[in-house]
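Here are some notes to read alongside the model if you are meeting it for the first time. Keep the viewer open and follow along.

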Amino acid sequence: DSWFAVPGFYGWPPCQYETTNIAWSTAIPNTYTYFGNASGVGQPLVVKARIFLLGEAHDLYCLNKLDGKILWIRPNSYFEAATEEEKKHPAYKDAEPIAAKLEALRAVVASGPLPRPKLDEKIKLEAELYSAMQKVDAKKFKRSAVDVGNAGFTPVSDGQHVYVWFASGVTACYDLDGQCTWIRCENVHSFEHGYSSSPVLVEGKLIVYMRDLIAFDAKSGNVVWRTPITKHEGANPEGYFHGTPAPVNVGGTTLLMLGNGSVVRVSDGKVVYTEPRTGKQAICSPILDGGSLYLVTTWSNQVLAYTLPGTATDPFKFAGDKAHAVPFDKLPKFYLDWHMGSPLIHDGLIYLLNNNGVLSVME
């Protein structure tokens, strides 16, 4: 059928690799997903002279951009996200010494790569901490299986603060020196392959996707609005997506285009447009280029090109849209008709890479 198997071979240190032109490298402790691949693959974020990135299972790392030195590490587990009332639970007291041991290990990480025994200890302690928090609230503090891991997301910043979101449902805000402004947990159980959408910071709101689209006030962390996007049950609900939403300004109104093609008004979270052509498991992120929005569908392999209008009406209407089919008959090799990588647009060309490594370029 259309499925096929690929054997994967993984080398374990010591192994040899080129070091030419590498200014510095810094080891970040990791874990592995149930597929056996390394998890926590979010893109680093550069803010001034610092680099921020997430690490499994729930850590925020701050590095010096010039030499890669780890300046600080902040945990964002269910332990840190617990409310004052939840901290009164007896199981939370049991979790405190576990959290203290993990904090000691983070100090070791900051001074250099973790030796394998210490990495194993870290993974073991994180599992123990998770088990303890499950006793505090089994439903709220329950992680889902996620292909990219709990930390496979990109932080966002306004230049003064860094905002993070993890697939565990934990959201937090830090200043550039690592002082936590707020942290909270809003958790909705995941769907097939898990969440993959990085948070978006727009109009003073931090917006994340967990079946619902949730907007937090960036200053306080309070929920401003919550819009249901997909049902809260089922592994393959209609309309769910994996890409990161794209904010766009239309006539002074800020809108958010989702990976499933829907358009949401940022001020109140209302869905003002729904795209019927994307299907399930929309993977690519929408891309804004001038006055146009582009979205690549996963299953039907079309490039949907939308022309933005001058004003944002309700219901919203694009000034025009076209669907361009990717010409598979011209590909030299082809197995499975999926495009997963978000498109790159440059000089009037759209670059598409499918999941078998075939690069297509369209006007």
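The points below go from the whole chain to a few individual spots.

1. **What you are looking at.** First off, this is a predicted model. The protein chain has three helices and 23 strands, so expect to spend your time on the strands. With a radius of gyration of 21 Å, close to the 21 Å from the globule rule for 363 residues, the chain is as compact as a globular protein of that length. If you want a feel for the dimensions, the C-alpha atoms fill a box of roughly 60 × 50 × 45 Å along the principal axes.

2. **Inside and outside.** Of the 363 residues in the protein chain, 48% are buried. Among contacts with a separation of 6 or more, 51% link residues 24 or more positions apart. The chain exposes about 17900 Å², and carbon and sulfur atoms supply 55% of that area. As for charge, there are 33 positive and 37 negative ones, and their mean positions sit 3 Å apart.

3. **A hairpin to warm up on.** Look at strand β7 (residues 170–175) and strand β8 (residues 180–185), which pair in the antiparallel sense over five bridges. To get your bearings, find Ala172, which stands opposite Ile183 in β8. Four residues lie between the two strands, and in this hairpin Gly178 takes a positive phi near 95°.

4. **β19 and its two partners.** Now move to β19 (302–307). Five of its six residues are buried, so this strand is largely enclosed by the rest of the structure. On one pairing, five bridges join β19 to strand β18 (residues 292–296), and the two run antiparallel; here Leu293 has Tyr306 as its bridge partner. The hairpin of β18 and β19 has five residues between the strands, with Asn301 at a positive phi near 50°. The other pairing is with β20, also antiparallel, through six bridges, and there Val303 stands opposite His324.

5. **Phe318, a loop residue worth a click.** Is Phe318 buried or exposed? Its place is in the loop between β19 and β20 (320–325), yet its relative accessible area is 12%, under the 20% cut-off, so Phe318 counts as buried. Leaving out residues up to four places away in sequence, Phe318 touches Met257, Val263, Tyr273, Leu293, Tyr306, Thr307, Leu308 and Pro309. Two of those names, Leu293 and Tyr306, are the bridge partners from the previous point. Ser292 is 26 residues from Phe318 along the chain, and their C-alpha atoms are separated by 9.7 Å.

6. **Cis peptide bonds.** Which bonds should you check here? One is the peptide bond from Asp314 to Pro315, which is cis with omega near 5°; Pro315 belongs to the loop between β19 and β20. Another runs from Glu56 to Ala57, also cis, with omega near -5°. Ala57 is in the loop between β2 (50–55) and β3 (59–64).

7. **Positive phi without a glycine.** Asn21 is not a glycine but has a positive phi of about 65°. You will find Asn21 in the segment before β1 (45–47), and at 78% relative accessible area it is exposed. Lys48 is a further case, with phi near 60°. Lys48 lies in the loop between β1 and β2, and its 53% relative accessibility makes it exposed as well.

Notes. Residues numbered from 1 in each chain as written. Predicted model: local features only at pLDDT ≥ 70, side-chain atom pairs only at ≥ 80, totals over all residues. Heavy atoms only, no water. Rg over C-alpha atoms; globule rule 2.2 N^0.38 Å. Buried < 20%, exposed > 50% of the residue type's maximum accessible area, 1.4 Å probe, protein only. Contact = heavy atoms within 4.5 Å. Areas by Shrake-Rupley, 256 points an atom, 1.4 Å probe, with all protein chains shown as cover. Lys, Arg positive; Asp, Glu negative; His and termini not counted. Charge placed at Lys NZ, Arg CZ, Asp CG, Glu CD. Pairing = 2+ DSSP bridges.
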